[in-house]
Amino acid sequence: MPHFSLSPLSCAPSPLPPRRRIFLAPPRTAASSATDAASSSTSSSASNFAPKVVVTRERGKNAKLIAALAKHEINCLELPLIEHIQGPDLGRLPSVLGDNAFDWVVITSPEAGSVFLEAWRSSGMPHVKIGVVGAGTASIFKEALQSSNRSIDIAFVPSKATGKVLATELPKIGNKCTVLYPASAKASNEIEEGLSNRGFEVTRMNTYTTVPVQHVDHTVLKIALAAPVVTVASPSSIRAWKNLLSDSEWNNSVACIGETTATMARSLGFTNVYYPAQPGIEGWVESILEALGSYDELLR
């Protein structure tokens, strides 16, 4: 049976305008079992304690969002929908880094950053100048920046945290400007095409990919289906959620981390889709609160 958890809760008051009170469950640990959750959901106080938001990132990567929502007295159900596995080019990445000097390394997600850092350390930590898609991705390099003796230079962040804007705004150095783009095998060609059209020489390496989790417990899924809001952080996640729904009628809200994921959600037929103008935890939380507010209005 797969692990899932209900988030620990905070009693801090919400700074937002008053909305229908969300009743809090007693604090629960990350080790709460599906059986325990199921028994809670069938008790007389189930409606008070039921999670309001489902968080679906890979296990171990939901803590920041859960903590941010706890500040608004919102309890969560952790239900990972995808997992990351090695991509076909990962084995070659250390030697490519060691044998070539690129003008830029472009990193567009925290997972891409984590995978890159492992290969970078294996290659002897050469000096690299990095362009990241946004602050969330940049944070992956915080520890490395402190210990790398300035071998990593986070030198560019676009005005808007999307691949399209990054490809438009990345500074070009001279006539021949080389870019290493380690990415998910499922990422679109938007970045390399945008950069190539501007005259960059782009080397894309598919260093990882995403796959749906192998099994989701039906008891846990039943709890998730009852939550007002499901959060998704990638097109792969919203596709995995759609597949889990099968032919079920589900009309609750999807809160996406950014526009790219929201576009995918709409293309899959979801109608109650929320997302921030700027991807990131803060904007994501605001979108989740907006989705919950709309749900509360329907209940009045």
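Two helix axes count as roughly perpendicular when the angle between them lies from 65 to 115 degrees. This cut-off is applied below to one pair of helices in the structure, which is a predicted model.

The helix pair in question is α10 (residues 218-226) and α11, whose axes are 12 Å apart and cross at an angle of about 105 degrees. An angle of about 105 degrees falls from 65 to 115, and α10 and α11 are therefore roughly perpendicular to each other. On the α10 side, the contact is made by Leu-221, Ala-224 and Leu-225, which meet Trp-241, Leu-244 and Leu-245 of α11. The residues of this contact comprise six nonpolar, no polar and no charged.

Helix α11 also has a place between two strands. Together with β10 and β11, helix α11 (residues 235-245) forms a β-α-β unit that is right-handed. Strand β10 (residues 229-232) and β11 run parallel and are joined by four bridges. Within this pairing, Val-229 has Ser-253 of β11 as its bridge partner.

From β11 the description continues to β12. A right-handed β-α-β unit is made by β11, helix α12 (residues 259-267) and β12. Strand β12 (residues 273-274) runs parallel to β11, and two bridges join them. Val-254 is partnered here by Val-273 in β12. Is strand β11 covered on one face or on both? Both faces of β11 (residues 253-256) are covered: Ser-253 and Ala-255 are buried on one side, and Val-254 and Cys-256 are buried on the other.

Another part of the model is an open sheet of six strands with mixed pairing, arranged in the order β4-β9-β8-β5-β6-β7. Strands β4 (82-86) and β7 (152-156) form the edges, each pairing on one side only. From one strand to the next, the twist averages 30 degrees. In general, strands of a sheet pair through backbone hydrogen bonds, in either a parallel or an antiparallel manner.

Within this sheet, strand β5 lies between β8 and β6 in the strand order. Strand β5 is parallel to β8 (residues 177-184), to which two bridges join it, and Trp-104 has Val-179 of β8 as its bridge partner. Strand β5 is also parallel to β6 (residues 128-132), here through three bridges. Two of the residue pairings with β6 can be named: Val-105 has Ile-130 as its bridge partner, and Ile-107 stands opposite Val-132. The chain passes from β5 to β6 through helix α5 (residues 110-122), in a β-α-β crossover that is right-handed.

The side chains of β5 (residues 104-107) may be considered next. Trp-104 and Val-106 point one way, whereas Val-105 and Ile-107 point the other way, and all are buried. Trp-104, the partner of Val-179 in β8, and Val-105, the partner of Ile-130 in β6, thus belong to opposite sides of the strand.

Helix α3 completes this account. Which residues of helix α3 (residues 63-70) are buried? They are Leu-65, Ile-66, Ala-68, Leu-69 and Ala-70. The elements that cover these buried residues include two strands, β2 (53-55) and β3 (76-78), together with β10 and helix α13 (281-299). Strand β10 thus appears twice in this description: among the elements covering α3, and as the parallel partner of β11.

Methods
Residues numbered from 1 in each chain as written. Predicted model: local features only at pLDDT ≥ 70, side-chain atom pairs only at ≥ 80, totals over all residues. Heavy atoms only, no water. Buried < 20%, exposed > 50% of the residue type's maximum accessible area, 1.4 Å probe, protein only. Pairing = 2+ DSSP bridges. Right-handed = clockwise from strand over helix to strand, strands pointing away. Axes fitted to C-alpha atoms, helices over the stretch in contact; angles between N-to-C directions. Parallel < 35°, antiparallel > 145°, perpendicular 65-115°, else oblique. Contact = heavy atoms within 4.5 Å. Nonpolar A, V, L, I, M, F, W, Y, C, P; charged D, E, K, R; others polar.
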